[in-house]
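Colleague: Could we go through this model together, one point at a time, with the cut-offs spelled out as we go?

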Amino acid sequence: MFTYSVVIPHKNCVPLLQRCLNSIPKRNDIQIIVVDDVSDLSASERTLMESFANERIQVIFLTRSKFAGGARNVGLSLAEGKWVVFSDSDDFFTPNAFEIMDDYVDSDYDIIFFGHTACFSDTLEPTNRYGERNLFVEEFEKSHSESAEKQLRYHNPIPTSKMLRNSFLKEKNIRFEEIRASNDSMFSLLSGYYAHSIFADVRKTYCGTIRRGSLTQTKNKENAYCRYAETVREYVFFREHHLEDMYPWVTSAVFHSLKDFGVKEFKRYLKLAKENQVNIWLGITRRFTK
C-alpha cells in the first residue's frame, strides 16, 4: 500500500510538469497520478509525457475535457495511498516536503495544513501568493483558537499545501466540481467542514507559482462569473450551516464585473445574488462595523 497518492492535473505545460515530478522523492511508497485534460500536445510532448510513466507514476490522457476538477476526480478515483496530496502541474514541492509530511503519517487527523512558499514560475523570484493562508496556518499552530480554526477550515480555498486522509474523502464522498474555474473552492470548504480533526504545521512543503497566461492570471468573462458563482455557493452553504460570520464578500466581484465586462454582465451578477439572497454590500458594511 502507498503512503501517499499525489494527484496532479495537467494542461499544456509539459516542461513544468517535469519540474513538478522531479520535486517528488523517488520512493516506493509514493504513488503519483498525472491526469492530462486534453492538452494540445505536439508529438514530442506526448512522447515525453508517456515516458514519465513507470511503476510509481500513472499518466492518464482524458479524451474529453473535464477541466482541472474532473482531472483531479479521476486521480482521486485511482488513489491508493493512505494520504492524498495535491499539486498543480506548474508548481512544485519543497526539498524536504515529504520528510515533513512523514511526521504525520500515523496521526489521527483528517487534514494537516502546511505552510507554503510562492514564486514566479519563469524566474523563481519570490512572491506573496496566498500569503494570508500562511497567516491562518501560523495562527492556528500558535493559538488553536476557535477563530483561527474557522479561518483555516473555511477560508482556505486551495487543495495544495496539505495532506488529506484518503478514507475520510471517500467516506464523505468529497469531490471537485468539473467547472471552468474555482473547481477547488467547494472541495476545500467541504473537506474543512467535515474533517473531524485538523492540525497545522508552519513548515513549508509546497511552492505555488504565478505563470503568465495561466487560468488565474487571465481576465475572462466566463471564468470570472464561474468564480463568482462559486463564491455565492459558499455564501449559501455558510447560511445553511449557521456560519454567518464566515460569509465571503462578493462586493468586489460584483462591481468588478461592471468595470471589466459592462452593464449586461453586472446585471447578471446582481440577478444571481438576488436569487440566492446574497448581501452584495457585505464587504463594505463589515469594513465599517468592525
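What follows is a set of questions and answers on the overall fold, the cores, one helix and three loop residues.

Modeller: This is a predicted model, in which local features need pLDDT of at least 70 and side-chain atom pairs count only at pLDDT 80 or more, while totals for chains, interfaces and linings use all residues. Residues are numbered from 1 along each chain as its sequence is written, and side-chain values use heavy atoms, with hydrogens and water left out.

Colleague: How many helices and strands does the protein have?

Modeller: Helices (H or I, at least four residues) and strands (E, at least two) are taken as DSSP runs, numbered from the N terminus. Counted in this way, the protein has eight strands and 12 helices.

Colleague: What radius of gyration does the protein have?

Modeller: The radius is taken over C-alpha atoms, and the globule rule is 2.2 Å times the number of residues to the power 0.38. For 290 residues, this rule puts a compact globule near 19 Å, and the protein agrees, because its own radius of gyration is 19 Å.

Colleague: What share of the 290 residues is buried?

Modeller: A residue counts as buried under 20% relative accessible area, as exposed over 50%, and as partly exposed in between, with a 1.4 Å probe and protein chains only. By that reckoning, the buried share of the 290 residues is 52%.

Colleague: Which residues touch the most other members of the largest nonpolar core?

Modeller: A nonpolar core is a set of buried Ala, Val, Leu, Ile, Met, Phe, Trp, Tyr and Cys residues joined through side-chain atoms within 4.5 Å. The largest one has 29 residues, and among the elements that each supply at least two of them are strand 1 (4-10), helix 1 (14-22) and strand 2 (30-36). A second, separate core has 26 residues, including Leu 164 and Ala 195. In the largest core, the residues that touch the most other members are Tyr 4, Val 6, Ile 8, Ile 32, Val 34, Phe 98 and Met 163.

Colleague: How far apart are the end C-alpha atoms of helix 9?

Modeller: The expected span of a helix is 1.5 Å times one less than its number of residues. Helix 9 covers residues 221-240, so its 20 residues should span 28 Å, and this agrees with end C-alpha atoms that are 29 Å apart.

Colleague: At the start of helix 9, which residue offers a side-chain oxygen to the backbone nitrogen of Glu 222?

Modeller: A polar contact is a pair of N or O atoms within 3.5 Å, where, within protein, one must be able to donate a hydrogen and the other to accept it, and residues adjacent in sequence count only if both atoms are side-chain atoms. Here the side-chain oxygen comes to within 3.0 Å of that nitrogen, and it belongs to Asn 220.

Colleague: Is Ser 107 buried or exposed, and which residues beyond its sequence neighbours is it in contact with?

Modeller: Ser 107 lies in the loop between helix 4 (97-102) and strand 6 (111-120), and it counts as buried because its relative accessible area is 13%. Its side chain reaches the backbone oxygen of Tyr 104 at 2.8 Å. With contact meaning heavy atoms within 4.5 Å, and leaving aside neighbours within four places in sequence, its partners are Trp 83, Ile 112 and Arg 165.

Colleague: What relative accessible area does Ser 182 have?

Modeller: Ser 182 sits in the loop between helix 7 (166-172) and helix 8 (185-194), and has a positive phi of about 60° although it is not a glycine. His 144 also has a positive phi, of about 50°, and counts as partly exposed at 41% relative accessibility. Ser 182, by contrast, is buried, with a relative accessible area of 17%.
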